[in-house]
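Subject: The two-chain model for you to look at

Hi there,

Here is the structure I promised to pass on to you. Have a look around it, and then read on for what I found.

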Amino acid sequence: MPDVDVATAGPGAAGAIFFNAGQVCVAGSRLYAHSSIFDQVIEGISGAAQFWAPRPSLDPEGHMGPLVSSEQFDRVMGYIDAGKKAGASVAVGGDAPGSDGGYYVNPTVLVNVKPEMSVVQEEIFGPVVVAQRFDDLDEVAKSANDSCFGLGAGIWTKDISAMHKLAAKIKSGTVWGNCHGVIDPALPFGGFKQSGLGREQARQGVEAYTELKSVIIML
Amino acid sequence: MNEMTKISMQQREYSEGAKKALARAPALFINNEWVNSTHGATLEVIDPSSGKEVSRLADASDADVDRAVAAARAAFDDGRWSDLPPIVRETMMHKLADLIGQHADEFAELEAIDNGKPKGMAAAIDIPGAIGMMHYTAGWASKLGGEMIEPMSMPRGTVHSYVRREPVGVAALIVPWNFPLLMAVLKISPALAAGCTMVLKPAEQTSLTALRLADLVAEAGSPPASSTSSPAMATPPGTVWSSIPMSTRSPSPDRPRSAS
């Protein structure tokens, strides 16, 4: 939302997508920033990309490692290429660093994307965020919901009214406010639409492994 | 970006403990014992930070899956786990969580070698998350229950009616590779708390921490066959269930749980 402190939201949005090299079911991979602050947000995320530069997993200085396998590496690089071919621009990254065998991909921000592009519609599962502008709440709710998925969403704003209205409109099993990816075992976790059936964690998650039996005894 | 800050992309040396874990003979954990697979096939373990093979896993055959399911089925049906006082199950789960904590550094390193995530991230997020999840979910074992409901159509005092809540039976747990130990615990802990037995299938890309967890299961005193591990299926997850013959299905079908 236009009122965010970009100094916090930029790194926050970067963490939402680059943590675990984007291999997270709730990764913040589709970003919508208000037109009035779009360029600053992209700058903020791009600036944070250095923090997430990929390193071997046992390097104590690293915050992000390689992707899990060569298949995943090929899949993610394939999506980046598809995005470029479809007309997206690379704000940062979009390539793999040199290495002698690991499956590293640089943190990537794609802009000038269109909703129908594969990089927007499909789950890349890598350190790639696609960013679009929006101007009003109803419009961004529609854009956010323009997906067959609905596991996690994040809203960054100090406006409590906008926060709660948007949280009610977004079709997602978890909605985060001014944070991302906070998963606590006490709260149910699961998805809308194709993002899953039922909920894990909390009481509901344990009850999912049980069955009810009604017993009716005439006295 | 890596031109500006010269980062060495060489994977660092493994600890002696990790080297020992990687050198283990490939085996399956069924009925609280390490056993060979029926066909002796193995799968590679690759460290994604280097692209190199660092270990091998037992590849469970269809026959192995069948015996894992049969073991879990027998363990459920004879009540050795599900009939325990709930507080006993709860205490065992707390002990298992504590054991993970005692081996936290080892788990973090194995996760980093198997999945590629930084060891520091595994140590800060995955391992504590798994421990917390196991402790939290353990508490539900002694607090699950049904309820007493009056029928709406019968005169008061003529009928005693209530709803029981019972474990479904054997749970098939399929786990992804992005948070291997954390996702395994996410699935194991509610199944255990509910009184179910299980067959756990870790992702073939990342089975190391699930195998290490199997050692701790035996140590935590879980009754035999309360959990089984079948790492690295050669066949895709969907076919695990199609190989279960109809005769082993109970009248109340066991509902398999799929990966999140």
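Before the first finding, you need one term: a residue is called buried if 20 or more other C-beta atoms lie within 10 Å of its own. Please also keep in mind that this is a predicted model.

With that term in hand, start at helix 7 of chain B, where the buried residues are Leu208(B), Thr209(B), Ala210(B), Leu211(B), Leu213(B), Ala214(B) and Val217(B). This helix covers residues 208–219. Its 12 residues, at 1.5 Å a residue, should span 16 Å, and the end C-alpha atoms are 18 Å apart, which agrees.

Now step back to the chains as wholes. Chain A has seven helices and seven strands, and along the sequence they come in the pattern α-β-α-α-β-β-α-β-α-β-α-β-α-β. Its C-alpha atoms fill a box of roughly 80 × 45 × 35 Å along the principal axes. Of its 219 residues, 46% count as buried. Among the contacts in chain A with a separation of 6 or more, 59% are between residues 24 or more positions apart.

Chain B has eight helices and nine strands, and 48% of its 260 residues count as buried. For chain B, residues 24 or more positions apart make up 74% of the contacts with a separation of 6 or more.

What about the inside? In soluble globular proteins, nonpolar side chains tend to be buried together. The largest nonpolar core here has 125 residues, and Leu173(B) and Met198(B) have the most contacts inside it. Helix 6 of chain B gives the most to this core, with 11 residues.

Is Val119(A) buried or exposed? Val119(A) sits in helix 4 of chain A, residues 118–121. There are 23 other C-beta atoms within 10 Å of Val119(A), so this residue is buried. Beyond its neighbours within four places in sequence, Val119(A) is in contact with several residues, including Tyr79(A), Ala82(A), Leu110(A) and Val130(A). For a sense of distance, the C-alpha atoms of Val119(A) and Lys193(A) are separated by 19 Å, with these positions 74 residues apart along the chain.

Next, the place where the chains meet. How many residues does the contact take from each chain? There are 54 from chain B and 49 from chain A. On the chain B side, helix 4 (104–115), helix 5 (119–138), strand 6 (159–167) and helix 6 (180–194) each supply at least two residues. Strand 6 of chain B gives the most to that side, with nine residues. By class, the side of chain B that touches chain A has 27 nonpolar, 20 polar and seven charged residues.

Strand 6 of chain B is worth a second look. Strand 7 of chain A (residues 210–218) pairs with strand 6 of chain B in the antiparallel sense, over nine bridges. Two of the positions to find are Glu211(A), which stands opposite Glu166(B), and Leu212(A), whose bridge partner is Arg165(B). These strands belong to an open sheet of three strands in the order 7(A)-6(B)-5(B), with antiparallel pairing. Strand 7 of chain A and strand 5 (147–148) of chain B stand at the edges with a single partner strand each, so one side of each is left without a neighbour in the sheet.

Enjoy exploring, and write back with any questions!

Best wishes

Terms used: Residues numbered from 1 in each chain as written. Chains lettered and ligands numbered in written order. Predicted model: local features only at pLDDT ≥ 70, side-chain atom pairs only at ≥ 80, totals over all residues. Contact = placed C-beta atoms within 7 Å. Helix = DSSP H or I, 4+ residues; strand = E, 2+ residues; numbered from the N terminus. Nonpolar A, V, L, I, M, F, W, Y, C, P; charged D, E, K, R; others polar. Pairing = 2+ DSSP bridges. Buried ≥ 20, exposed ≤ 12 C-beta atoms within 10 Å, placed from the backbone. Core = buried A, V, L, I, M, F, W, Y, C linked by C-beta atoms within 7 Å. Expected span 1.5 Å × (residues − 1).
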